[in-house]
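Colleague: I should like to go through this model with you step by step. May I put some questions about what its coordinates show?

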Amino acid sequence: RNDTSHPIENVESDEYGLFQAYLAGIKNASIANPNPSVGCVVIKNNKIISIGCTEKWGSRHAERVAFAPLSAADLEGSRVYVSLEPCTHMGRQPPCIHLFENTGIKKVVIGCEDPNPVVTKNGIRQLQNLGIGSFNSYYSNEIKAWNYPFFIQQKEKRPFIALKWAQSLDGCLADDNNGWKWISGEESRTYAHWLRQKYDAIMVGIGTVLNDFPSLDIRNLKHPELRNPLKIIYDPEGKIFECSLEQQENIMQKTFSPGTHKVVLINANILNNNKRDNSNWHNKMYNNPEIHFLTLNYKEENILAKNIFNEEVTAQISEILNRPLQSILIEGGSRLLSSFIHNESFDVIHLFIAPFFLGGEKHKLFSKEKRGFQVYPNKEVALEKRLHIAVQEKLGNDILIEMIPK
Ligand code: AOF
Ligand code: ZN
């Protein structure tokens, strides 16, 4: 995905400069969030003299990084390309717009508007007032795609939701006896771990926890700056309170492995119905500062048909995370995935298909046991909702397809 070849060789063109800024912004895509990962390139005498990318959240923005090694004489007469409109507000960092004042910079070209309402259009307007700014949308789709959760959060005030699963050719996400753990191969699973670190949280249903005890971490990736996502377990009926001794041990060791925060989402009714008692197991969970129980305030027990991540729940989880909950990767099981598809509550699907037939009924999407979640009532609607294929790739012996709603 880091294709640096580009047909535009004309270093004088804005398209070239913006392409370089877009590429520079990709560099910190995994560590800048919840900030957008922005790229800034300074060109002088048709040579790139400095490149910057947004640092870790709270640290410097791309423009400051790119300008840091340059003298006033370097900036004089240069052209600057930034993938996102420079900020104009005081946040964790001072406004970048001031960096452009009284510099003698010849021109500044911006690749994309900042969707943050306190900045939108202000950055471009202020650059225009300085007589040096312009906007050019050559790569705006690519820039948005790399910062998609940031755009969704700023514009729609909700977290970005991704669905991920692996299936056999006959559509089974697991075998009926829960005896077979892996559908996809090694390469797919490494990619799946890489995907996890891109998201703030991973969510699975309690059924998956009780059957598989997933670790939900990024153990295959050895990189000091990458972080484990928050683990969210969706358990509206409070089944976690009733599991066997063996399940308790496995959950504690694997799914609740120490060092990261975990959130269990349950229905408020369940707690009121006294599922919580003073047994060892309950106390062990409640006394663990890394485990948080959040309640969903819906009346009925099966609340899968609603959007769980309303403003209140999102705010509560953000507090636990200590930063905004901007993106969630939903990994299964088939019932939880079916409900998000049923509700059309997703922004991307990462699908792995392994070319063999597994046979079975229980773990297919929309199977009868999924309490009647359907996709669409008729063919016309179904076709209208056809997804757009953004990525297709062979990973080992599997196929990866990544799709987005049109
Ligand atoms: C830029 N350059 O590289 C980035 C920008 O809390 P702060 O100060 O870090 O500000 C965060 C906001 O700044 C973020 O919501 C977005 O509007 C903008 N991001 N702006 O000029 C950058 N990452
Ligand atoms: Zn800034």
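Colleague: Leaving aside neighbours within four places in sequence, with which residues is Ala201 in contact?

Modeller: The model is a predicted one. Two residues are taken to be in contact when their C-beta atoms lie within 7 Å. Once the neighbours within four places in sequence are set aside, the residues in contact with Ala201 are Pro229, Leu230, Ile232, Ile317, Leu325 and Ile328.

Colleague: Which residues touch the most other members of the largest nonpolar core, and which strand gives the most to this core?

Modeller: The largest nonpolar core has 47 residues, and those that touch the most other members are Ala201, Ile232 and Ile330. With six residues, the strand that gives the most to this core is β6, residues 160-168.

Colleague: How many residues does the second, separate core have?

Modeller: The second core is separate and includes Ala24, Cys53, Ala66 and Phe67. Its number of residues is 37.

Colleague: What is the order of the strands in the open sheet of five strands, and which are its edge strands?

Modeller: The pairing in this open sheet is mixed, and its neighbouring strands are turned by 20° against each other on average, direction ignored. An edge strand pairs on one side only, and this holds for β2 (47-53) and β5 (133-135). The order of the five strands is β2-β1-β3-β4-β5.

Colleague: How many bridges join strand β3 to strand β4, and which residue in β4 stands opposite Val82?

Modeller: Strand β3 covers residues 79-82 and strand β4 covers residues 107-110; the two run parallel and are joined by four bridges. The residue of β4 that stands opposite Val82 is Ile110.

Colleague: At about what angle does helix α1 run to β1, and at about what angle does helix α4 run to β5?

Modeller: Helix α1, residues 14-26, lies across β1 (39-44), β2, β3 and β4, and its angle to β1 is about 140°. Helix α4, residues 122-129, lies across β4 and β5, and its angle to β5 is about 135°.

Colleague: Is Asn141 buried or exposed?

Modeller: Asn141 lies in helix α5, residues 140-146. Its C-alpha atom is separated by 10 Å from that of Tyr22, although the two are 119 residues apart along the chain. A residue with 12 or fewer C-beta neighbours within 10 Å counts as exposed. Asn141 has 10 such neighbours, so it counts as exposed.

Colleague: How far apart in space are Asn310 and Ser134, C-alpha to C-alpha?

Modeller: Asn310 lies in the loop between β10 (291-296) and α12 (311-321). Because it has 12 C-beta neighbours inside 10 Å, Asn310 counts as exposed. Asn310 and Ser134 are 176 residues apart in sequence, and their C-alpha atoms are 38 Å apart in space.

Colleague: Why does the radius of gyration of the protein chain agree with that of a compact globule?

Modeller: The protein chain has 14 helices and 14 strands, and its C-alpha trace spans about 70 × 45 × 40 Å along its principal axes. For 406 residues, a compact globule would have a radius of gyration near 22 Å, so there is agreement with the value for the protein chain, 24 Å.

Colleague: What is the mean pLDDT of the protein chain?

Modeller: This value expresses the predictor's confidence on a scale from 0 to 100. In the protein chain, 92% of the residues reach 70 or more, and the mean pLDDT is 90.

Conventions
Residues are numbered from 1 along each chain as its sequence is written. Chains are lettered from A and ligands numbered from 1 in the order in which they are written. This is a predicted model: local features need pLDDT of at least 70, side-chain atom pairs count only at pLDDT 80 or more; totals for chains, interfaces and linings use all residues. Two strands pair if DSSP finds at least two bridges between them. Axes are lines fitted to C-alpha atoms, for helices over the stretch in contact, and angles run from 0 to 180 degrees between N-to-C directions. A nonpolar core is a set of buried Ala, Val, Leu, Ile, Met, Phe, Trp, Tyr and Cys residues joined through C-beta atoms within 7 Å. A residue is buried if 20 or more other C-beta atoms lie within 10 Å of its own, exposed if 12 or fewer, and partly exposed in between; C-beta atoms are placed from the backbone. The radius of gyration is taken over C-alpha atoms; the globule rule is 2.2 Å times the number of residues to the power 0.38.
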